[in-house]
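Visitor: I should be grateful for a close look at a single part of this model. Please set that part in the context of the chain before turning to its individual residues.

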Amino acid sequence: MVTNITSFGRSGLSDWLMQRVSAVILALYTVFVVAYLLFNPNLDYYAWSGLFEQTWMRIFSLLAFISIAAHAWIGLWTVTTDYLKSTRLRVGVQTLIILAIFVYLVWGIQILWGA
């Protein structure tokens with residue numbers, strides 16, 4: 001079996017499974033947020049911030065952020081390995097993608113758990 005150093009799960013099966021699990025988490029999070037918005041038509045800042053002050057919602061949001069990062073990385077890794085044949089170019093692009101995903105994940109965590 002050939003493994004790639006930039007693969008997230010080190011095997012096609014684990015990448016496939018992680019992609020599906022993260023998609024389910026993101027779908028559940030999206031359904032919850034849409035339902036919350038639909039059932040609270042007069043939503044204001046205080047109600048919205050009150051929702052995100054609750055620990056369970058912060059954990060659910062953190063799980064969604066991590067799922068977005070994993071889902072994006074696996075998808076973009078697949079695209080870059082399929083379409084960028086030059087190893088130097090592929091590793092360079094994948095490095096930029098990793099840095100961007102990391103920055104966005106840290107930024108999201110700061111917004112979610114910051115003061």
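**Helix 2 and its surroundings**

Guide: The model is a predicted one. I begin with contacts across the sequence: among the contacts in the chain with a separation of 6 or more, 65% are accounted for by residues 24 or more positions apart. The chain contains 4 helices and 0 strands, and its pattern, read along the sequence, is α-α-α-α. Its radius of gyration is 17 Å, well over the 13 Å that the globule rule gives for 115 residues, so the chain is more spread out than a compact globule. The C-alpha trace spans about 55 × 25 × 20 Å along its principal axes.

Two surface figures complete this setting. Of the 115 residues, 27% count as buried. The chain exposes about 8100 Å², of which carbon and sulfur atoms supply 73%.

The part chosen for the close look is helix 2, which covers residues 45–53. Its buried residues are Ser49, Leu51 and Phe52. Seen down the axis of helix 2, these buried residues fall within an arc of 150°, so they line one face of the helix. A general point on helix geometry is useful here: an α-helix has 3.6 residues a turn, so residues three or four places apart point the same way. The face of helix 2 turned away from the buried side carries the exposed residues Tyr46 and Glu53.

What do the buried residues of helix 2 pack against? Their partners are helix 1 (12–39), helix 3 (55–83) and helix 4 (87–113).

Alanine 47 also belongs to helix 2. Its relative accessibility is 32%, and it counts as partly exposed because that value lies between the cut-offs of 20% for buried and 50% for exposed. Histidine 71 lies 24 residues from alanine 47 along the chain, and the C-alpha atoms of the two are separated by 30 Å.

A residue of helix 1 can be examined in the same manner: valine 33 is found in that helix. Valine 33 has a relative accessible area of 18% and is buried. Leaving aside residues up to four places away in sequence, valine 33 touches Trp48 and Met57. The C-alpha atoms of valine 33 and isoleucine 101, 68 residues apart along the chain, are separated by 23 Å.

Lastly, as to charge, the chain has 6 positive and 4 negative side chains. The centres of these two sets lie 18 Å apart.

Note on methods:
Residues are numbered from 1 along each chain as its sequence is written. This is a predicted model: local features need pLDDT of at least 70, side-chain atom pairs count only at pLDDT 80 or more; totals for chains, interfaces and linings use all residues. Side-chain values use heavy atoms; hydrogens and water are left out. Helices (H or I, at least four residues) and strands (E, at least two) are DSSP runs, numbered from the N terminus. The radius of gyration is taken over C-alpha atoms; the globule rule is 2.2 Å times the number of residues to the power 0.38. Buried means under 20% relative accessible area, exposed over 50%, partly exposed in between (1.4 Å probe, protein chains only). Contact means heavy atoms within 4.5 Å. Accessible areas come from the Shrake-Rupley method with a 1.4 Å probe; for residues, only the protein chains shown count as cover. Lys and Arg count as positive and Asp and Glu as negative; His and the chain ends are not counted. The place of a charge is taken as NZ of Lys, CZ of Arg, CG of Asp or CD of Glu. The arc is that of the directions from the helix axis to the C-beta atoms.
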